[in-house]
Amino acid sequence: MANILSVEGLTHHWGDIRLFDSLYFGLEEGEKAALIARNGTGKTTLLNILAGKLVADEGYFTIRKGIRTGYLTQLPVYSAGQSVMEAVFSGENEMISLVRSYESALESHDQALIAKMIEKMDAANAWDYENRVKQVLSQLKISRLDQPVEQLSGGQQKRVALAAVLVEEPDLLILDEPTNHLDIEMVDWLEEYLGRNKATLLMVTHDRYFLDRVCNSIFEMDNESLYKYNGNYSYFLEKREERINQRNQEIERARNLLRKEQDWMNRMPQARATKAKYRIDAFYELKDVAEQKTEEEGFSLDIKTTRLGSKVLNLEGVSKSFDGNMLVDDFSYKFVKGERIGILGKNGSGKSTLLNILTGALNPDKGVVDAGETLVFGYYRQEGIQLDESKKVIEVITE
Ligand SMILES: Nc1ncnc2c1ncn2[C@@H]1O[C@H](COP(=O)(O)OP(=O)(O)O)[C@@H](O)[C@H]1O
Ligand SMILES: [Mg+2]
(Lines give C-alpha, C1' and ligand atoms only; values in the text may rest on other atoms or scores of the structure.)
(Ligands and ions follow the chains in the order given, each with its own letter.)
Protein backbone atom coordinates (compact mmCIF):
# COMPACT_ATOMS: atom_id res chain seq x y z
CA MET A 1 0.00 0.00 0.00
CA ALA A 2 1.18 3.49 -0.69
CA ASN A 3 2.54 5.64 2.09
CA ILE A 4 0.53 8.51 3.45
CA LEU A 5 3.58 9.89 5.24
CA SER A 6 7.20 9.45 4.16
CA VAL A 7 10.08 10.62 6.30
CA GLU A 8 13.48 11.07 4.68
CA GLY A 9 16.53 11.56 6.82
CA LEU A 10 15.13 13.70 9.63
CA THR A 11 17.76 14.87 12.10
CA HIS A 12 17.24 17.20 15.02
CA HIS A 13 19.29 18.71 17.84
CA TRP A 14 18.53 20.84 20.83
CA GLY A 15 21.72 22.72 21.55
CA ASP A 16 24.60 20.24 21.45
CA ILE A 17 22.37 17.25 21.98
CA ARG A 18 21.30 15.25 18.98
CA LEU A 19 17.88 13.72 19.57
CA PHE A 20 17.69 11.69 16.38
CA ASP A 21 19.87 11.15 13.41
CA SER A 22 18.69 10.59 9.88
CA LEU A 23 15.33 8.89 10.46
CA TYR A 24 13.70 7.15 7.52
CA PHE A 25 10.23 5.70 7.88
CA GLY A 26 6.75 5.79 6.47
CA LEU A 27 3.14 5.26 7.46
CA GLU A 28 0.81 3.33 5.24
CA GLU A 29 -2.73 4.45 4.72
CA GLY A 30 -4.84 3.15 7.61
CA GLU A 31 -1.82 2.10 9.66
CA LYS A 32 -2.16 2.61 13.39
CA ALA A 33 1.28 3.14 14.86
CA ALA A 34 2.50 3.80 18.38
CA LEU A 35 5.66 5.80 19.02
CA ILE A 36 7.35 4.77 22.22
CA ALA A 37 10.57 5.70 24.02
CA ARG A 38 11.78 6.77 27.41
CA ASN A 39 10.78 10.28 28.42
CA GLY A 40 13.09 12.94 27.08
CA THR A 41 14.09 10.92 24.03
CA GLY A 42 12.44 13.19 21.49
CA LYS A 43 8.97 11.80 20.76
CA THR A 44 7.22 15.13 21.17
CA THR A 45 9.91 16.86 19.13
CA LEU A 46 9.41 14.40 16.27
CA LEU A 47 5.63 14.83 16.35
CA ASN A 48 6.01 18.62 16.38
CA ILE A 49 8.12 18.33 13.24
CA LEU A 50 5.63 16.06 11.48
CA ALA A 51 2.76 18.37 12.42
CA GLY A 52 4.62 21.33 10.94
CA LYS A 53 5.13 23.14 14.25
CA LEU A 54 8.88 22.82 14.13
CA VAL A 55 11.43 22.64 11.33
CA ALA A 56 13.96 19.81 11.53
CA ASP A 57 17.67 20.57 11.33
CA GLU A 58 18.06 18.20 8.39
CA GLY A 59 15.92 15.99 6.21
CA TYR A 60 12.33 16.32 5.12
CA PHE A 61 9.02 14.53 5.07
CA THR A 62 6.08 14.43 2.73
CA ILE A 63 2.42 13.90 3.43
CA ARG A 64 0.35 12.73 0.50
CA LYS A 65 -1.51 15.50 -1.28
CA GLY A 66 -5.01 16.18 -0.03
CA ILE A 67 -4.45 14.47 3.33
CA ARG A 68 -5.67 16.48 6.31
CA THR A 69 -3.64 16.17 9.51
CA GLY A 70 -4.95 16.60 13.05
CA TYR A 71 -2.49 17.04 15.90
CA LEU A 72 -3.06 16.68 19.64
CA THR A 73 -0.08 18.26 21.41
CA GLN A 74 1.19 16.89 24.71
CA LEU A 75 0.43 20.14 26.51
CA PRO A 76 -2.19 22.22 24.71
CA VAL A 77 -1.91 25.97 25.26
CA TYR A 78 -4.88 28.29 24.88
CA SER A 79 -4.99 32.01 24.47
CA ALA A 80 -6.72 34.09 27.12
CA GLY A 81 -10.43 34.55 26.62
CA GLN A 82 -10.87 31.62 24.23
CA SER A 83 -14.07 29.71 24.95
CA VAL A 84 -14.47 25.94 24.94
CA MET A 85 -16.70 26.37 21.89
CA GLU A 86 -14.01 28.25 19.97
CA ALA A 87 -11.40 25.70 21.00
CA VAL A 88 -13.45 22.67 20.00
CA PHE A 89 -14.59 24.14 16.69
CA SER A 90 -11.31 25.72 15.72
CA GLY A 91 -11.06 23.66 12.52
CA GLU A 92 -11.47 25.44 9.24
CA ASN A 93 -13.74 23.21 7.16
CA GLU A 94 -17.26 24.14 6.15
CA MET A 95 -19.05 21.53 8.24
CA ILE A 96 -17.24 22.66 11.36
CA SER A 97 -18.14 26.32 10.86
CA LEU A 98 -21.73 25.35 10.15
CA VAL A 99 -22.04 23.26 13.33
CA ARG A 100 -20.21 25.99 15.28
CA SER A 101 -22.79 28.56 14.11
CA TYR A 102 -25.61 26.16 14.90
CA GLU A 103 -24.27 25.48 18.41
CA SER A 104 -23.85 29.18 19.15
CA ALA A 105 -27.39 29.81 17.90
CA LEU A 106 -28.58 27.21 20.43
CA GLU A 107 -26.60 28.90 23.18
CA SER A 108 -28.10 32.29 22.29
CA HIS A 109 -31.70 30.96 22.67
CA ASP A 110 -32.65 33.21 19.75
CA GLN A 111 -35.54 31.26 18.19
CA ALA A 112 -35.41 33.01 14.81
CA LEU A 113 -31.65 32.40 14.52
CA ILE A 114 -32.05 28.76 15.58
CA ALA A 115 -34.73 28.21 12.95
CA LYS A 116 -32.48 29.73 10.30
CA MET A 117 -29.54 27.56 11.32
CA ILE A 118 -31.71 24.43 11.31
CA GLU A 119 -32.60 25.20 7.71
CA LYS A 120 -28.94 25.59 6.81
CA MET A 121 -28.06 22.36 8.59
CA ASP A 122 -30.81 20.59 6.62
CA ALA A 123 -29.55 21.98 3.35
CA ALA A 124 -25.97 20.92 4.03
CA ASN A 125 -26.97 17.48 5.29
CA ALA A 126 -25.00 18.26 8.41
CA TRP A 127 -27.03 16.35 11.01
CA ASP A 128 -24.95 13.16 10.87
CA TYR A 129 -21.86 15.17 11.41
CA GLU A 130 -23.48 17.14 14.21
CA ASN A 131 -24.40 13.83 15.82
CA ARG A 132 -20.82 12.60 15.72
CA VAL A 133 -19.63 15.88 17.21
CA LYS A 134 -22.21 15.58 20.01
CA GLN A 135 -21.00 12.07 20.72
CA VAL A 136 -17.36 13.13 21.00
CA LEU A 137 -18.31 15.99 23.34
CA SER A 138 -20.51 13.88 25.57
CA GLN A 139 -18.02 10.99 25.78
CA LEU A 140 -15.26 13.39 26.76
CA LYS A 141 -17.68 15.06 29.22
CA ILE A 142 -17.37 18.50 27.69
CA SER A 143 -20.68 20.15 28.47
CA ARG A 144 -20.17 23.85 29.07
CA LEU A 145 -19.20 25.34 25.75
CA ASP A 146 -19.36 28.96 26.90
CA GLN A 147 -16.69 28.54 29.59
CA PRO A 148 -13.25 30.15 29.01
CA VAL A 149 -10.74 27.35 28.40
CA GLU A 150 -8.19 28.97 30.69
CA GLN A 151 -10.49 28.29 33.65
CA LEU A 152 -10.34 24.54 33.05
CA SER A 153 -7.90 22.16 34.71
CA GLY A 154 -4.97 20.83 32.70
CA GLY A 155 -6.78 17.54 32.19
CA GLN A 156 -9.95 19.20 30.99
CA GLN A 157 -7.96 21.36 28.59
CA LYS A 158 -6.35 18.27 27.16
CA ARG A 159 -9.78 16.73 26.65
CA VAL A 160 -10.99 19.86 24.88
CA ALA A 161 -7.92 19.63 22.62
CA LEU A 162 -8.62 15.95 21.93
CA ALA A 163 -12.24 16.77 21.09
CA ALA A 164 -11.08 19.50 18.70
CA VAL A 165 -8.83 17.05 16.87
CA LEU A 166 -11.47 14.32 16.62
CA VAL A 167 -14.20 16.74 15.53
CA GLU A 168 -12.05 17.72 12.55
CA GLU A 169 -12.13 14.08 11.39
CA PRO A 170 -8.66 14.29 9.83
CA ASP A 171 -7.13 11.60 7.60
CA LEU A 172 -3.90 11.49 9.61
CA LEU A 173 -4.16 11.65 13.39
CA ILE A 174 -1.06 12.53 15.37
CA LEU A 175 -1.71 12.19 19.10
CA ASP A 176 0.76 12.94 21.90
CA GLU A 177 -0.28 10.99 25.02
CA PRO A 178 -4.03 11.09 24.38
CA THR A 179 -5.11 9.01 27.38
CA ASN A 180 -3.17 10.71 30.16
CA HIS A 181 -6.11 12.70 31.43
CA LEU A 182 -8.94 10.36 30.57
CA ASP A 183 -10.81 8.18 33.01
CA ILE A 184 -11.34 4.49 32.22
CA GLU A 185 -14.67 4.94 30.48
CA MET A 186 -13.20 7.59 28.22
CA VAL A 187 -10.20 5.39 27.40
CA ASP A 188 -12.54 2.51 26.53
CA TRP A 189 -14.55 4.78 24.29
CA LEU A 190 -11.43 6.25 22.61
CA GLU A 191 -10.08 2.75 21.98
CA GLU A 192 -13.26 1.81 20.23
CA TYR A 193 -13.47 5.13 18.37
CA LEU A 194 -9.92 4.89 17.02
CA GLY A 195 -10.40 1.21 16.28
CA ARG A 196 -13.25 1.77 13.86
CA ASN A 197 -11.87 5.06 12.54
CA LYS A 198 -10.36 4.86 9.05
CA ALA A 199 -7.74 7.52 9.78
CA THR A 200 -4.03 6.73 9.79
CA LEU A 201 -2.70 7.12 13.30
CA LEU A 202 0.63 7.93 14.92
CA MET A 203 0.47 8.27 18.67
CA VAL A 204 2.65 8.42 21.74
CA THR A 205 1.28 6.42 24.64
CA HIS A 206 2.50 4.96 27.90
CA ASP A 207 -0.52 2.71 28.25
CA ARG A 208 0.36 -0.73 26.93
CA TYR A 209 -3.21 -2.03 26.97
CA PHE A 210 -4.47 0.94 25.04
CA LEU A 211 -1.58 0.48 22.65
CA ASP A 212 -2.36 -3.20 22.09
CA ARG A 213 -6.02 -2.58 21.45
CA VAL A 214 -5.55 0.28 19.03
CA CYS A 215 -2.22 -0.12 17.24
CA ASN A 216 -0.88 -2.59 14.71
CA SER A 217 2.70 -1.37 14.63
CA ILE A 218 5.21 0.12 17.04
CA PHE A 219 8.04 2.57 16.42
CA GLU A 220 10.66 2.69 19.12
CA MET A 221 13.00 5.65 19.40
CA ASP A 222 16.39 4.72 20.81
CA ASN A 223 20.06 5.56 20.13
CA GLU A 224 18.95 8.48 17.96
CA SER A 225 17.25 5.99 15.64
CA LEU A 226 13.82 4.57 15.03
CA TYR A 227 13.10 0.83 15.06
CA LYS A 228 9.88 -0.56 13.68
CA TYR A 229 8.02 -3.60 15.02
CA ASN A 230 5.04 -5.07 13.21
CA GLY A 231 3.25 -6.50 16.17
CA ASN A 232 1.90 -5.86 19.64
CA TYR A 233 3.67 -4.86 22.82
CA SER A 234 4.81 -8.35 23.82
CA TYR A 235 6.24 -8.86 20.34
CA PHE A 236 8.02 -5.53 20.68
CA LEU A 237 9.57 -6.51 24.03
CA GLU A 238 10.81 -9.80 22.60
CA LYS A 239 12.27 -8.31 19.43
CA ARG A 240 13.73 -5.38 21.31
CA GLU A 241 15.64 -7.75 23.54
CA GLU A 242 17.00 -9.56 20.46
CA ARG A 243 18.00 -6.26 18.90
CA ILE A 244 19.82 -5.11 22.02
CA ASN A 245 21.59 -8.44 22.54
CA GLN A 246 22.78 -8.36 18.97
CA ARG A 247 24.00 -4.81 19.25
CA ASN A 248 25.75 -5.47 22.56
CA GLN A 249 27.51 -8.48 21.03
CA GLU A 250 28.63 -6.37 18.10
CA ILE A 251 30.05 -3.74 20.41
CA GLU A 252 31.74 -6.41 22.54
CA ARG A 253 33.34 -7.98 19.43
CA ALA A 254 34.54 -4.58 18.25
CA ARG A 255 36.08 -3.88 21.64
CA ASN A 256 38.04 -7.13 21.61
CA LEU A 257 39.28 -6.59 18.10
CA LEU A 258 40.12 -2.99 18.88
CA ARG A 259 42.59 -4.07 21.56
CA LYS A 260 44.54 -6.05 18.96
CA GLU A 261 44.41 -3.32 16.39
CA GLN A 262 45.39 -0.72 18.96
CA ASP A 263 48.59 -2.71 19.58
CA TRP A 264 49.26 -2.75 15.88
CA MET A 265 48.62 1.01 15.61
CA ASN A 266 51.01 1.66 18.48
CA ARG A 267 53.70 -0.52 16.91
CA MET A 268 53.28 0.83 13.40
CA PRO A 269 56.26 2.90 12.25
CA GLN A 270 55.32 6.18 10.55
CA ALA A 271 56.86 5.08 7.23
CA ARG A 272 54.40 2.25 6.74
CA ALA A 273 51.38 4.45 7.26
CA THR A 274 50.47 4.88 3.59
CA LYS A 275 50.68 1.17 2.79
CA ALA A 276 48.26 0.21 5.51
CA LYS A 277 45.76 3.00 4.97
CA TYR A 278 42.82 0.62 4.61
CA ARG A 279 43.73 -0.92 7.93
CA ILE A 280 43.94 2.47 9.58
CA ASP A 281 40.52 3.40 8.21
CA ALA A 282 39.17 0.12 9.47
CA PHE A 283 40.70 0.85 12.85
CA TYR A 284 38.79 4.13 13.17
CA GLU A 285 35.55 2.53 12.06
CA LEU A 286 36.06 -0.17 14.66
CA LYS A 287 36.79 2.46 17.25
CA ASP A 288 33.46 4.17 16.52
CA VAL A 289 31.55 0.96 17.11
CA ALA A 290 33.57 -0.02 20.19
CA GLU A 291 32.99 3.33 21.83
CA GLN A 292 29.20 3.02 21.67
CA LYS A 293 27.50 2.32 24.93
CA THR A 294 26.09 -1.14 25.47
CA GLU A 295 22.48 -1.05 26.53
CA GLU A 296 20.61 -2.55 29.39
CA GLU A 297 17.61 -4.60 28.37
CA GLY A 298 14.74 -3.46 30.52
CA PHE A 299 12.17 -1.15 29.03
CA SER A 300 10.51 0.69 31.84
CA LEU A 301 10.83 3.97 33.60
CA ASP A 302 13.46 4.19 36.28
CA ILE A 303 12.05 4.04 39.76
CA LYS A 304 14.18 5.20 42.61
CA THR A 305 13.83 3.19 45.78
CA THR A 306 14.43 4.76 49.13
CA ARG A 307 15.24 2.50 52.02
CA LEU A 308 12.13 1.78 53.99
CA GLY A 309 11.45 0.31 57.38
CA SER A 310 9.07 -2.65 57.31
CA LYS A 311 6.07 -0.49 58.02
CA VAL A 312 5.07 1.63 55.07
CA LEU A 313 1.58 2.98 55.56
CA ASN A 314 -1.46 1.72 57.49
CA LEU A 315 -4.97 3.02 57.11
CA GLU A 316 -7.57 2.16 59.75
CA GLY A 317 -11.25 2.91 59.24
CA VAL A 318 -10.65 6.05 57.20
CA SER A 319 -13.71 8.04 56.09
CA LYS A 320 -14.04 11.32 54.29
CA SER A 321 -16.99 13.22 52.88
CA PHE A 322 -17.46 16.61 51.29
CA ASP A 323 -20.81 18.40 51.55
CA GLY A 324 -22.56 15.22 52.67
CA ASN A 325 -21.08 13.30 49.74
CA MET A 326 -19.27 10.24 51.14
CA LEU A 327 -16.08 9.71 49.10
CA VAL A 328 -14.17 7.30 51.35
CA ASP A 329 -16.19 5.10 53.69
CA ASP A 330 -14.52 3.16 56.52
CA PHE A 331 -11.48 2.18 54.47
CA SER A 332 -8.66 0.10 55.97
CA TYR A 333 -5.52 -1.03 54.19
CA LYS A 334 -1.95 -2.02 55.03
CA PHE A 335 0.47 -0.95 52.31
CA VAL A 336 3.50 -3.23 52.08
CA LYS A 337 6.93 -2.53 50.72
CA GLY A 338 7.31 -2.83 46.97
CA GLU A 339 3.60 -2.87 46.27
CA ARG A 340 2.39 -1.08 43.17
CA ILE A 341 -1.22 -0.10 43.28
CA GLY A 342 -3.47 1.56 40.77
CA ILE A 343 -6.54 3.43 41.92
CA LEU A 344 -9.46 3.25 39.54
CA GLY A 345 -12.62 5.28 39.63
CA LYS A 346 -14.75 7.68 37.69
CA ASN A 347 -13.93 11.36 37.69
CA GLY A 348 -15.17 12.92 40.89
CA SER A 349 -15.34 9.62 42.78
CA GLY A 350 -12.58 10.68 45.20
CA LYS A 351 -9.27 9.35 43.84
CA SER A 352 -7.36 12.59 44.48
CA THR A 353 -9.03 12.92 47.87
CA LEU A 354 -7.77 9.47 48.83
CA LEU A 355 -4.24 10.33 47.67
CA ASN A 356 -4.36 13.57 49.65
CA ILE A 357 -5.35 11.59 52.76
CA LEU A 358 -2.54 9.06 52.18
CA THR A 359 0.08 11.76 51.88
CA GLY A 360 -1.24 13.70 54.86
CA ALA A 361 -2.29 16.71 52.81
CA LEU A 362 -5.85 16.17 53.98
CA ASN A 363 -7.17 14.90 57.31
CA PRO A 364 -9.83 12.19 57.27
CA ASP A 365 -13.13 12.82 59.10
CA LYS A 366 -12.69 9.52 60.90
CA GLY A 367 -9.98 6.87 61.18
CA VAL A 368 -6.20 6.81 61.40
CA VAL A 369 -3.42 7.19 58.84
CA ASP A 370 -0.20 5.74 60.24
CA ALA A 371 2.92 6.29 58.12
CA GLY A 372 6.31 4.64 58.67
CA GLU A 373 8.99 6.96 60.04
CA THR A 374 11.29 6.66 57.06
CA LEU A 375 8.50 7.10 54.54
CA VAL A 376 9.03 9.79 51.92
CA PHE A 377 6.23 10.59 49.50
CA GLY A 378 6.69 11.41 45.86
CA TYR A 379 3.41 12.90 44.80
CA TYR A 380 2.74 14.09 41.28
CA ARG A 381 -0.53 15.90 41.42
CA GLN A 382 -3.13 15.83 38.67
CA GLU A 383 -2.56 19.49 37.92
CA GLY A 384 1.20 18.95 37.66
CA ILE A 385 3.73 20.96 39.59
CA GLN A 386 3.64 24.69 40.08
CA LEU A 387 7.14 25.69 39.08
CA ASP A 388 8.96 28.74 40.27
CA GLU A 389 10.39 29.90 36.96
CA SER A 390 13.36 31.61 38.56
CA LYS A 391 14.64 28.27 39.84
CA LYS A 392 16.94 25.86 38.07
CA VAL A 393 15.76 22.34 37.28
CA ILE A 394 18.22 20.89 39.79
CA GLU A 395 16.86 23.16 42.55
CA VAL A 396 13.30 22.11 41.86
CA ILE A 397 13.93 18.38 41.85
CA THR A 398 16.06 18.34 44.97
CA GLU A 399 13.56 20.32 47.02
N1 LIG B 1 12.15 23.78 22.79
C2 LIG B 1 13.17 23.08 23.31
N3 LIG B 1 14.35 23.68 23.55
C4 LIG B 1 15.39 22.99 24.07
N5 LIG B 1 15.35 21.68 24.38
C6 LIG B 1 14.20 21.03 24.17
C7 LIG B 1 13.05 21.69 23.63
N8 LIG B 1 12.06 20.78 23.52
C9 LIG B 1 12.56 19.62 23.98
N10 LIG B 1 13.83 19.76 24.37
C11 LIG B 1 14.68 18.70 24.91
O12 LIG B 1 14.71 17.63 23.99
C13 LIG B 1 14.63 16.38 24.66
C14 LIG B 1 13.48 15.59 24.12
O15 LIG B 1 12.26 16.21 24.46
P16 LIG B 1 10.84 15.67 23.98
O17 LIG B 1 10.79 15.70 22.50
O18 LIG B 1 9.81 16.43 24.70
O19 LIG B 1 10.90 14.14 24.46
P20 LIG B 1 9.74 13.08 24.81
O21 LIG B 1 8.48 13.57 24.18
O22 LIG B 1 10.24 11.80 24.22
O23 LIG B 1 9.66 13.01 26.29
C24 LIG B 1 14.53 16.69 26.14
O25 LIG B 1 15.80 16.56 26.71
C26 LIG B 1 14.07 18.13 26.17
O27 LIG B 1 14.56 18.77 27.32
MG1 LIG C 1 6.64 14.03 25.06
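Mentor: Let's start with a definition: buried means under 20% relative accessible area, exposed over 50%, and partly exposed in between (1.4 Å probe, protein chains only). This is a predicted model, where local features need pLDDT of at least 70, side-chain atom pairs count only at pLDDT 80 or more, and totals for chains, interfaces and linings use all residues. Side-chain values use heavy atoms, leaving out hydrogens and water.

Trainee: Why is L355 called partly exposed?

Mentor: Its relative accessible area is 31%, and partly exposed covers what lies between under 20% and over 50%, so L355 earns that label.

Trainee: What makes Y333, I341, I343 and L355 a nonpolar patch?

Mentor: Patches take residues with over 30% relative accessible area and no salt bridge, with nonpolar side chains (Val, Leu, Ile, Met, Phe, Trp, Tyr) joined within 5 Å. A salt bridge is a side-chain nitrogen of Lys or Arg within 4 Å of a carboxyl oxygen of Asp or Glu. L355, at 31%, passes the area cut-off. Together the four have about 300 Å² of accessible area.

Trainee: How do you know that T45 makes a polar contact with ligand 1?

Mentor: A polar contact is a pair of N or O atoms within 3.5 Å. A polar side-chain atom of T45 lies 2.5 Å from an oxygen atom of ligand 1, so the pair qualifies. By the same cut-off, backbone atoms of G40, at 2.7 Å, and K43, at 2.8 Å, qualify too.

Trainee: Which helix gives the most to the shell around ligand 1?

Mentor: Helix α1 (residues 43–50) does, with 3 residues; a helix here is a DSSP run (H or I) of at least four residues.

Key
Residues numbered from 1 in each chain as written. Chains lettered and ligands numbered in written order. Polar contact = N/O pair within 3.5 Å; in protein donor to acceptor, adjacent residues only side chain to side chain. Helix = DSSP H or I, 4+ residues; strand = E, 2+ residues; numbered from the N terminus. Patch = residues over 30% accessible without salt bridge, like charges linked within 9 Å, V, L, I, M, F, W, Y side chains within 5 Å. Areas by Shrake-Rupley, 256 points an atom, 1.4 Å probe, with all protein chains shown as cover.
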